[in-house]
Amino acid sequence: MSTIIAIFSCNGNKVKRIPIIDFFKTPERSTYKISPDGNYVSYLKPYKDKQNIFIQSLADGKEHMATSFNDYSVRGDYFWTYANQLVFSQDIIATDSVKMYALDVASNQTRTILSLGNVKIGLVNRNRQQPDIITIKTNERDPANFDVYRLNIKTGEMKTYLLNPGNITDWFADADGRIRLERASDGVNETILFRPDENAPFKPIIENNFKNNVRPIAFTGVKNLFYALSNVNRDKTALVEINAEDGKEQRTIFSCDMADIAWVDYSKNKHRIEYAAWDEAMPRKHFLAPDIEQVYNTIQQQLKGNQIRVVDRDSSENKFIVNTFTDRNPGSFYLYEKTTGKLSKLADVNPALSPSDLCDMKPISYQARDGLLINGYLTLPHGDKKDNFPVVVMPHDGPWARDSWGYDEQVQFLANRGYAVFQVNYRGSTGYGKAFRSAGYKQVGGKIQDDITDGVHWLIDTKVADPKKIAIFGGRFGGFSALYGVSFHPELYNCAVVQYGLINFFTYIKDAPPFVKPYLKMTYEMVGNPETDADQLRAISPVFHTDKIKVPLIIFQGAKDQRANISELNQFVRELRKRNVDVKYFLKPNERAYFRSEHNRMEMYTEIEKFLDKNMRVKP
C-alpha cells in the first residue's frame with residue numbers, strides 16, 4: 001500500500017488526502033492492561049497481521065513479545081489473574097472453535113487450558129481469594145444455554161459450578177467470588193434471583209416486562225444491598241441501590257433527566273461506585289468518590305480537551321491505565337501514578353493521524369414528521385464550502401444501539417474524501433429513555449426508517465446536502481436501512497454501501513444461533529413475529545424487493561458471519577444482477593462480520609472509495 005500523501009482540492013481548500021491504511025490499519029498498540037502487582041503493562045500489537053500480546057516491565061521499561069501467533073489474533077477480552085498470569089483466547093474461525101490459554105509471565109510459558117469446538121466462552125468472575133481459579137461461562141453442554149464453571153488455569157481442571165435450568169442469562173458475584181444474583185429471561189419477562197449463600201436456592205426477587213430493566217452491578221458490601229442500573233418506575237435509567245432480600249429499591253444514588261445512565265465505574269477493592277456516566281450530545285460523568293474525581297481532574301489538566309477514562313488499575317489502586325480520545329483523535333494510553341501525580345504516555349493508538357487533518361463531529365437535532373425530536377451527529381469536511389455538500393448517511397447497527405460523540409475511523413475517512421457524514425439516533429436508539437426506545441418497537445421498517453428519511457430531508461432543506469449527491473452506508477441493521485432506503489426512497493440516494501447487511505427478517509430470526517434463542521420472544525415483541533407479523537416482515541425485507549432497487553450497490557460479507565445466510569445473500573445478488581442493477585459483491589471466506597484481516601479491510605475501503613467517487617458525481 002503506497003503511503004504517498006496526495007493533496008486534493010476539496011470545497012475550495014487544499015486538503016491532505018490521508019492514505020486509506022492510516023485510517024484502517026490494525027492499531028500499533030491497543031487494549032492496555034496492568035498486572036495486579038503493578039509491575040507490568042500488557043497490550044495487543046500486530047505481528048504478521050495478527051494481534052499478539054506484548055508485555056512491558058515498568059521497572060526497567062523493557063518490552064517483549066509474549067505470544068507469536070500468525071494464524072488467529074488474540075482476542076481483546078484477555079485479562080490478568082490475581083496470580084499475575086495472563087489468560088487469553090483465540091477465535092479459530094476456520095473450524096468455529098475457541099482456544100483459551102494461560103501465560104506465566106515469570107517464565108513466559110504459554111499453555112492451553114481449554115480447547116472447545118463451536119462454543120462461546122466468557123469470563124464471569126475472578127477473585128483474590130483463589131487467584132488460580134477463574135469463573136467462566138460456556139455453552140458447551142447446551143448450545144442455547146450457558147453454564148458456569150470454575151476453571152483452574154494451572155491444571156486446566158474445570159468443575160461445574162452452576163448448571164443452567166434453561167432461562168438464566170447473567171450471573172453476578174459478591175466480593176468473594178460467590179455468585180449470589182442471577183438474571184433470568186423467558187424472552188419477554190425478566191427475573192432477578194437471589195440467594196443469601198451458596199447452599200441456599202435462588203429465589204426470585206424482581207420481575208419485569210422487557211421494557212423495564214434492572215442491571216445488577218455489584219454488592220455494596222453492606223448487608224445484602226447491591227448497586228444496579230434500573231429504569232423501573234422511571235423513564236431514564238438511574239443508578240440505584242436495591243435490597244436483595246426483597247428486591248425493593250432503597251434509594252436513587254444518581255439520575256439524569258436528559259439521558260439514561262449508561263455505565264458506571266466500580267472499585268472492587270473499595271466496594272464503591274466511583275462515577276456514573278451517560279451520553280447527551282457529548283459524554284458526561286458524575287463523580288461519587290472525591291479522591292477519584294481528583295485523579296481525573298489532575299489528568300484532565302494535563303490533557304485538556306480530551307475525553308478521559310481509566311480502563312485498568314493495579315490492586316493497590318496507585319497505578320492507573322488511562323485511555324483518552326476526541327472526535328478527531330483515535331486516542332492514546334497513559335500510565336498515571338497516584339502517589340507521584342506522574343502521567344506517562346504509553347502509546348498512541350494511531351500515530352499516523354494528525355488531529356488537525358481530521359474533522360469535527362457536531363451534535364445536531366431535528367424534528368421527525370410526527371414531532372419527535374431526533375438527535376444525531378454531522379461531520380463536515382474541511383474547506384471553505386459551507387453548504388451543498390455531497391453526503392453519506394450512516395444509520396447505526398442495532399437498532400437498539402446508538403451513535404455517540406467520539407472518534408470514528410469510517411466517518412473521518414469519508415470526511416477526508418470530501419463527504420459530509422450524517423449519523424442519526426432514530427427512535428429505538430438507546431440512551432434516550434424508555435419511551436424513546438419503546439417508540440422503535442415494531443417500527444424497524446416503519447417510523448425508524450421515516451426518521452432517517454426525515455433527517456435526509458432536513459439536510460436538504462437546511463442546504464447542508466446537495467440533493468443530487470447523497471449515499472447511504474451501513475452494517476447489519478444499518479445495512480438493512482441502506483437497502484430499505486434505496487428500495488423505498490430511490491429518489492433520495494445515488495447509491496448504497498452495505499456491510500454484512502440484514503436482507504431477510506424471516507431467516508435472520510429463524511436461523512438465529514442457539515445462544516440467541518432465549519431472546520427470540522423479545523425479538524418478536526420488538527421487531528416482529530415471523531408467524532403473526534409475516535405480512536409486515538415481508539413488506540420490509542429487501543430480499544423480496546429486488547424489483548425496487550435501481551441504484552448501484554456495493555456489498556461486503558464475511559462467509560463465517562454467524563448471523564448471515566450466505567446462500568440467500570448470493571441469490572439476492574444474482575437476482576439484482578439479473579435485473580441489471582450494478583452490484584459489486586465481495587465475499588471473504590475466513591471472516592466474520594467485522595473484517596479482522598488488515599489486507600481485507602484495505603481492499604474494502606479502497607473499493608468503497610472508488611465506488612463513491614464514481615457514483616456520487618451527479619444523480620442521473
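**A walk through a predicted chain**

Let's start at one residue: Gln 499 is buried, with a relative accessible area of 5%. Buried here means under 20% relative accessible area, while exposed means over 50% and partly exposed lies in between, using a 1.4 Å probe and protein chains only. Before going on, note that this is a predicted model, where local features need pLDDT of at least 70, side-chain atom pairs count only at pLDDT 80 or more, and totals for chains, interfaces and linings use all residues. Residues are numbered from 1 along each chain as its sequence is written, and side-chain values use heavy atoms, with hydrogens and water left out.

Back to Gln 499, which sits in strand E35 (residues 495–499). Strands (E, at least two residues) and helices (H or I, at least four) are DSSP runs, numbered from the N terminus. If you skip the neighbours within four places in sequence, the contacts of Gln 499 include Gln 410, Phe 473, Arg 476 and Phe 556. Contact means heavy atoms within 4.5 Å. Gln 499 also touches Met 604, Tyr 605 and Ile 608, and those three are among the buried residues of helix H11.

So what does H11 look like? The helix covers residues 598–615, and at 1.5 Å a residue its 18 residues should span 26 Å, which agrees with the 26 Å between its end C-alpha atoms. The expected span is 1.5 Å times one less than the number of residues. Other buried residues in H11 include Asn 600, Arg 601, Phe 611 and Leu 612. At the start of the helix, Ser 597 has a side-chain oxygen that comes to within 3.3 Å of the backbone nitrogen of His 599.

Now look at strand E26 (residues 307–313). Five of its seven residues are buried, so E26 is largely enclosed by the rest of the structure. E26 and strand E27 (residues 319–326) run antiparallel, joined by six bridges; two strands pair if DSSP finds at least two bridges between them. Across this pair, Asp 312 stands opposite Ile 321 in E27. The two strands form a hairpin with five residues between them, and Glu 317 in the turn has a positive phi of about 55°.

Another strand worth a visit is E21 (residues 238–243), home to Val 240. Val 240 has 0% relative accessibility and counts as buried. Not counting residues up to four places away in sequence, Val 240 touches Phe 226, Tyr 227, Arg 251 and Ile 253, among others. Tyr 407, on the other hand, is 167 residues from Val 240 in sequence and 31 Å away in space, C-alpha to C-alpha.

Loops can hold buried residues too. Thr 67 lies in the loop between strand E6 (63–65) and strand E7 (79–80), and it is buried at a relative accessible area of 4%. The side chains of Thr 67 and Asn 52 share a polar contact of 2.7 Å. That term means a pair of N or O atoms within 3.5 Å; within protein, one must be able to donate a hydrogen and the other to accept it, and residues adjacent in sequence count only if both atoms are side-chain atoms. The Thr 67 side chain also reaches the backbone nitrogen of Ile 53 at 3.0 Å.

Finally, step back to the whole chain. Its secondary structure comes to eleven helices and 37 strands, and buried residues make up 58% of its 620 residues. The C-alpha atoms fill a box of roughly 70 × 60 × 50 Å, taken along the principal axes.
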